[in-house]
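This report describes the fold and the interior of one protein chain, beginning with a single residue and widening from there to the whole.

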Amino acid sequence: MTELEPRARLQLLIAMAGDCAAPEADRHEAAARAAGLSGAEIDAARARRSFDARVNAAIALACAVRHGADWREAEARCAQAGFDAGARALIIGLGKLSAEQVRAMLGGITQ
């Protein structure tokens, strides 16, 4: 697959949301569980990692962008993982959002 699947997108959003307040975290967990994520996958996403190598590459790219690091190597890993240019652009865009903006996106998914 070359796109960012809904399950992977949700893991990425949770990872980029940073430290959520308890009520938000509960809503995010409900959406994640509804998407089929296990508790361990949700906890990993909150810690900005994933058991899935593809999702892990996506999280690394978004984090590199967010922190102003040179993200070319992380983007190359995403391409090697099979993400097409559109998916990589989405990941880079998520990295440019603040944690508050990402939490707002998650709020729209979980309400």
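In this predicted model, Ile91 is in contact with Leu4, Leu12, Ala58, Leu61, Ala62, Cys78 and Phe83, once its neighbours within four places in sequence are left aside. Ile91 is also one of the residues with the most contacts inside the largest nonpolar core, a set of 31 residues in which Leu4, Leu10, Leu12, Leu61 and Phe83 are likewise named for their contacts. The elements that give two or more residues to this core are α1, α2, α3, α4, α5, α6 and α7, and the most comes from α4, with eight residues.

Phe83 has a further partner, for the charged end of Arg54 sits over its ring, 4.2 Å from the centre, while the structure holds zero aromatic pairs.

A second arginine, Arg103, is placed in helix α7, which covers residues 99-110. Because its relative accessibility is 19%, and buried means under 20%, Arg103 counts as buried. The C-alpha atoms of Arg103 and Ala17 are separated by 5.2 Å, although the two residues are 86 residues apart along the chain.

Taken as a whole, the protein chain has seven helices and zero strands, and among its contacts with a separation of 6 or more, 66% join residues 24 or more positions apart. Some values for the chain follow.

| Property of the protein chain | Value |
|---|---|
| Buried residues | 41% of the 111 residues |
| Exposed area | about 5700 Å² |
| Part of the exposed area supplied by carbon and sulfur atoms | 53% |

Terms used: Residues numbered from 1 in each chain as written. Predicted model: local features only at pLDDT ≥ 70, side-chain atom pairs only at ≥ 80, totals over all residues. Heavy atoms only, no water. Helix = DSSP H or I, 4+ residues; strand = E, 2+ residues; numbered from the N terminus. Buried < 20%, exposed > 50% of the residue type's maximum accessible area, 1.4 Å probe, protein only. Core = buried A, V, L, I, M, F, W, Y, C linked by side-chain atoms within 4.5 Å. Contact = heavy atoms within 4.5 Å. Phe/Tyr/Trp six-rings, centres within 6.5 Å; stacked < 30°, edge-to-face > 60°. Lys NZ or Arg CZ within 6 Å of the ring centre and 35° of its normal. Areas by Shrake-Rupley, 256 points an atom, 1.4 Å probe, with all protein chains shown as cover.
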